[in-house]
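Colleague: Hi! I'm new to this one, so could you walk me through it? Let's bring it up on the screen.

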Amino acid sequence: MLDFIQTGGMFMWPLLGCSILTLAIVIERFWTLRRTRVVPKNQLNEVMARLREDRMSLEYIRNMQQHTGLSSILAAGLLSSKHGRRVMKEAVQDAASQVIHELERFMSSLGTIAAVSPLLGLLGTVVGMIKVFSVLMEEGAGNTSLLAGGISEALLTTAAGLGIAIPAIIFHRFFSRKIDELVVSMEHQSSKLIDALQGDRDSN
């Protein structure tokens with residue numbers, strides 16, 4: 001691997017950094033965007049059961065606030081439910097905005113890496129080709145080893161840039177889709193809680 005990086009020239013080092021950062025983001029996103037963490041399967045059912053049985057307590061709601069995802073959204077709705085539907089919806093929306101912001105963390109970084117990596121590879125290619133033409137000007141076409149080295153450097157950076165960008169794009173789209181699905185699920189369940197506590201949906 002070290003020989004591969006050294007052969008590719010100085011642009012291989014920022015590309016290596018991009019690859020490490022991409023791997024770290026992908027692992028972190030897989031861990032953070034687990035459905036069991038963001039939208040626990042029985043969370044709403046448990047809340048509704050406590051409401052029906054009059055077992056809802058402030059301590060339980062405060063504990064829900066300590067968790068991310070659906071739990072914190074439902075907690076915001078429960079705390080504001082006595083102020084009417086409009087206030088409850090606003091509280092739920094504010095909490096949802098914070099949750100969505102957390103879910104989208106590092107997504108812009110992943111998208112930036114996907115866009116920048118091929119450009120770094122292309123820049124390395126251009127520099128490598130400049131070296132090739134410099135060799136041609138100084139020594140002619142007879143020194144094939146030097147020519148091959150310059151061409152190799154150019155091709156390696158291009159391959160490395162694409163090798164980083166392609167997975168980054170794939171995972172960016174995968175996580176974006178996953179976030180959309182989680183958001184729709186949270187909106188659906190929070191709407192159920194609002195309807196249960198405030199009666200029929202108003203015109204707003």
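Modeller: Happy to, and keep in mind that this is a predicted model. A good place to start is the pair H4 and H6: their axes lie 10 Å apart, and the helices pack at an angle of about 25 degrees.

Colleague: Are H4 and H6 roughly parallel or roughly antiparallel, then?

Modeller: Roughly parallel, because the angle falls under 35 degrees. The crossing of H4 with H6 is right-handed.

Colleague: Which residues meet there?

Modeller: From H4 you have Gln-43, Leu-44, Val-47 and Leu-51, and from H6 you have Leu-70, Ser-71, Leu-74 and Leu-78. Sorted by class, this contact has six nonpolar and two polar residues, with no charged ones.

Colleague: Tell me about Val-47. What is Val-47 in contact with, leaving aside its neighbours within four places in sequence?

Modeller: With that exclusion, Val-47 is in contact with Met-56, Tyr-60, Met-64, Leu-74, Leu-78 and Leu-193. Val-47 also belongs to the largest nonpolar core, which has 40 residues. Along with Met-64, Ile-73, Leu-74, Leu-103, Met-186 and Leu-193, Val-47 is one of the residues that touch the most other members.

Colleague: Which elements give two or more residues to this core?

Modeller: Those are H2, H4, H5, H6, H7, H8 and H9. The largest share, ten residues, comes from H9, and that helix covers 144–198.

Colleague: Back to H4 for a second. Is Arg-50 buried or exposed?

Modeller: Arg-50, which lies in helix H4, counts as buried because its relative accessibility is 18%, and the cut-off is under 20%. Leaving aside neighbours within four places in sequence, the contacts of Arg-50 are Arg-55, Met-56 and Tyr-60.

Colleague: New topic: loops. What is there to see at Asp-54?

Modeller: Its phi is near 55 degrees, a positive value in a residue other than glycine. You'll find Asp-54 in the loop between H4 and H5. Asp-54 counts as exposed, since its relative accessibility of 69% is over 50%.

Colleague: And where is Phe-106?

Modeller: Phe-106 sits in the loop between H7 and H8. Its phi is near 75 degrees, again a positive value in a residue other than glycine. At 34% relative accessibility, Phe-106 counts as partly exposed.

Colleague: Great, that gives me somewhere to start. Thanks!

Notes. Residues are numbered from 1 along each chain as its sequence is written. This is a predicted model: local features need pLDDT of at least 70, side-chain atom pairs count only at pLDDT 80 or more; totals for chains, interfaces and linings use all residues. Side-chain values use heavy atoms; hydrogens and water are left out. A nonpolar core is a set of buried Ala, Val, Leu, Ile, Met, Phe, Trp, Tyr and Cys residues joined through side-chain atoms within 4.5 Å. Buried means under 20% relative accessible area, exposed over 50%, partly exposed in between (1.4 Å probe, protein chains only). Helices (H or I, at least four residues) and strands (E, at least two) are DSSP runs, numbered from the N terminus. Contact means heavy atoms within 4.5 Å. Axes are lines fitted to C-alpha atoms, for helices over the stretch in contact, and angles run from 0 to 180 degrees between N-to-C directions. Angles under 35 degrees count as roughly parallel, over 145 as roughly antiparallel, 65 to 115 as roughly perpendicular and the rest as oblique. A crossing is left-handed if the near helix is turned anticlockwise from the far one by less than a right angle, and right-handed if clockwise. Ala, Val, Leu, Ile, Met, Phe, Trp, Tyr, Cys and Pro count as nonpolar, Asp, Glu, Lys and Arg as charged, and the others, Gly among them, as polar.
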